[in-house]
Amino acid sequence: MQTTPPLSPATQALALAGLRVVEFTTAMTGAPAALLEAHDLPLAPIRRPEELFDDAHLLATGGLAAITLPDGARAGQTKKAPLFPFMLGGQRLGVRLQPPTLGQHTTELQIELGYSSSLMKTLRVNHAIA
């Protein structure tokens, strides 16, 4: 007879408290927040994307990384972008590559997709691709 592996203390605490992720709101304070924090489970209120840049937790934990804007009026400027909200091996996943410029990989992608050189030329002439 196979048994189910035991739940971690943090999972047990969440199950016993009856907390569900869908109930987390910007009003997440008091006892539920204290329970999560007591078990070293990170939490943060659900925020609008533009509010992430001032988020105390992201600022304190290195959750924002510098990227260089590739195109447009602000091309070349460095701005902060939020990283994925989890860690692997105890480390945040950083920025692997900077954002590409418009059309930077178009030809390589078309070749991988099997486009003929005549089709690629037609698409470029007709401004269907950059």
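Okay, before anything else: when I say contact, I mean heavy atoms within 4.5 Å. Keep that in mind, and also that this is a predicted model.

So, straight to Thr106. Leaving out the neighbours within four places in sequence, Thr106 is in contact with Arg124, Ile129 and Ala130. Thr106 sits in helix H4, which covers residues 106–112. Is Thr106 buried or exposed? Its relative accessibility is 16%, and the cut-off for buried is under 20%, so Thr106 counts as buried.

Let me step back to the whole chain for a moment. We've got five helices and four strands. Reading from the N terminus, the order is α-α-α-β-β-β-β-α-α. Buried residues come to 15% of the 130 residues in the protein chain. For the area people, the chain exposes about 10200 Å², and carbon and sulfur atoms supply 61% of that. As for contacts with a separation of 6 or more, 31% of them are between residues 24 or more positions apart.

Now on to the strands. Ala65 is in strand E1, residues 64–68. At 13% relative accessibility, Ala65 is under the 20% cut-off, so Ala65 goes down as buried. What is Ala65 in contact with, leaving aside its neighbours within four places in sequence? That would be Lys79, Lys80, Ala81, Leu83 and Val95. Pro82 isn't in that list I just read, but I do have a distance for it: the C-alpha atoms of Ala65 and Pro82 are separated by 6.4 Å, and the two residues are 17 apart along the chain.

Staying with the strands, have a look at Leu88, in strand E3, residues 87–88. Leu88 has a relative accessible area of 53%, and exposed means over 50%, so Leu88 is exposed. Which residues form a nonpolar patch on the surface? Phe84, Phe86 and Leu88 do, and together they have about 330 Å² of accessible area.

Last stop, helix H5, which runs over residues 117–125 and has Ser117 in it. Ser117 comes out at 58% relative accessibility; that's over 50%, so Ser117 counts as exposed. How far apart in space are Ser117 and Thr107? From C-alpha to C-alpha they are 9.6 Å apart, with their positions 10 residues apart in sequence.

So, to recap: Thr106 is buried, Ala65 is buried, and Leu88 and Ser117 are exposed. That's what I had, thanks.

Notes
Residues numbered from 1 in each chain as written. Predicted model: local features only at pLDDT ≥ 70, side-chain atom pairs only at ≥ 80, totals over all residues. Heavy atoms only, no water. Helix = DSSP H or I, 4+ residues; strand = E, 2+ residues; numbered from the N terminus. Buried < 20%, exposed > 50% of the residue type's maximum accessible area, 1.4 Å probe, protein only. Areas by Shrake-Rupley, 256 points an atom, 1.4 Å probe, with all protein chains shown as cover. Patch = residues over 30% accessible without salt bridge, like charges linked within 9 Å, V, L, I, M, F, W, Y side chains within 5 Å. Salt bridge = Lys/Arg side-chain N within 4 Å of Asp/Glu carboxyl O.
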